[in-house]
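User: I'd like a close look at one part of this model, with its surroundings worked in as you go. Please take your time and connect the pieces for me.

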Amino acid sequence: MALIWLIAGVVLIAAEVLSGDFVLLMIGSAALAGAGAEFAFGNVFVSSAVFALVALGLITVARPWLKRRMHGEHIRDNVAALTGARATVTSTVDRAGGRIKLNGSDWSARAFDETEVLEPGTIVTVVEISGATAVVMSERL
């Protein structure tokens with residue numbers, strides 16, 4: 001029985017190369033732990049319990065940590081990445097519109113506070129992206 005656990009573990013870990021999601025790696029590692037338990041104790045119930053506990057622990061604890069470490073934080077899309085970014089006003093921005101320089105690109109913009117008028121050279125923060133327009137507010141308090 002230990003040989004079956006061993007083969008399953010190696011096959012699952014090898015299959016991880018195709019998926020890249022770390023699930024098969026975790027289950028394959030749990031199968032290797034099950035093989036070790038089967039070899040050590042010779043009891044299928046003990047090896048099954050070891051497999052289940054190790055798989056559960058690896059998938060719930062190690063996998064999320066490993067994914068964050070390998071892939072970094074996930075940003076939903078480009079719009080979400082721009083929210084909170086700093087920009088410079090290039091043409092007066094008010095409630096009707098204006099222009100800013102954001103990440104090296106020229107963007108249309110409008111003021112978040114409809115009473116505010118932002119002059120060229122003012123540093124602003126992007127509050128949201130509304131269509132193709134950046135909604136911005138001044139960084140000064």
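In which helix does I7 lie?

Analyst: Happy to take you through it. One thing to keep in mind from the start is that this is a predicted model.

I7 lies in helix α1, so that helix is our starting point. With a relative accessibility of 47%, I7 counts as partly exposed, because the buried class ends at 20% and the exposed class begins over 50%. I7 also belongs to a nonpolar patch on the surface, together with L3, L6, V10, V11 and L32. Taken together, the residues of this patch have about 530 Å² of accessible area. The biggest share comes from α1, which supplies five residues.

Now for the helix itself. α1 has 18 residues, and from its first C-alpha to its last it reaches 26 Å, close to the 26 Å expected at 1.5 Å a residue. Its buried residues are W5, G9 and E16. They cover an arc of only 40 degrees around the axis, which means that they sit on the same side of α1. The general rule behind such a pattern is that an α-helix has 3.6 residues a turn, so residues three or four places apart point the same way. On the other side of α1, the exposed residues are L3, I4, V11, V17 and L18. Two of these, L3 and V11, are also members of the nonpolar patch.

What lies over the buried side? The cover for the buried residues of α1 includes α2 and α3. After α1 comes G20, which has a positive phi, near 70 degrees.

That brings us to α2, which spans residues 23–41. This helix has 19 residues and reaches 27 Å between its first and last C-alpha, close to the 27 Å expected at 1.5 Å a residue. Its buried residues are M26, G28, A30, A31, G34, A35, A37 and E38. They pack against α1 (2–19) and α3 (44–71). Just after α2, G42 takes a positive phi of about 70 degrees.

A good place to see these helices meet is S47, which lies in helix α3. S47 is buried, because its relative accessible area is 0% and the class takes in anything under 20%. Setting aside neighbours within four places in sequence, S47 is in contact with W5, G34, A37 and E38. W5 is one of the buried residues of α1, while G34, A37 and E38 are among the buried residues of α2. For G34, the C-alpha atom is 4.7 Å from that of S47, although the two residues are 13 apart in sequence.

To round out the picture, let me follow the chain onward to the strands. The structure holds two salt bridges. One of them pairs E139 with R86, with the closest N and O atoms 3.0 Å apart. This pair links distant parts of the chain: R86 is in strand β1 (residues 86–91) and E139 is in the segment after β5 (133–138), 53 residues apart. E139 counts as partly exposed at 32% relative accessibility, whereas R86 is exposed, with a relative accessible area of 54%.

I123 touches both partners of that bridge: leaving out residues up to four places away in sequence, its contacts are R86, A87, T88, S138 and E139. I123 is found in strand β4 (residues 123–130) and is partly exposed, with a relative accessible area of 30%.

The other salt bridge joins D106 to R99, and here the closest N and O atoms are 2.9 Å apart. D106 is partly exposed at 44% relative accessibility, and R99 is partly exposed as well, with a relative accessible area of 32%.

One backbone detail deserves a last look. N103 has a positive phi of about 50 degrees although it is not a glycine. As a general matter, most residues other than glycine have a negative phi. N103 lies in the loop between β2 (99–102) and β3 (105–111), and at 59% relative accessibility it counts as exposed. Between N103 and I123 there are 13 Å, C-alpha to C-alpha, and the two are 20 residues apart in sequence.

Methods:
Residues numbered from 1 in each chain as written. Predicted model: local features only at pLDDT ≥ 70, side-chain atom pairs only at ≥ 80, totals over all residues. Heavy atoms only, no water. Helix = DSSP H or I, 4+ residues; strand = E, 2+ residues; numbered from the N terminus. Expected span 1.5 Å × (residues − 1). Buried < 20%, exposed > 50% of the residue type's maximum accessible area, 1.4 Å probe, protein only. Contact = heavy atoms within 4.5 Å. Patch = residues over 30% accessible without salt bridge, like charges linked within 9 Å, V, L, I, M, F, W, Y side chains within 5 Å. Areas by Shrake-Rupley, 256 points an atom, 1.4 Å probe, with all protein chains shown as cover. Salt bridge = Lys/Arg side-chain N within 4 Å of Asp/Glu carboxyl O. Arc of directions from axis to C-beta.
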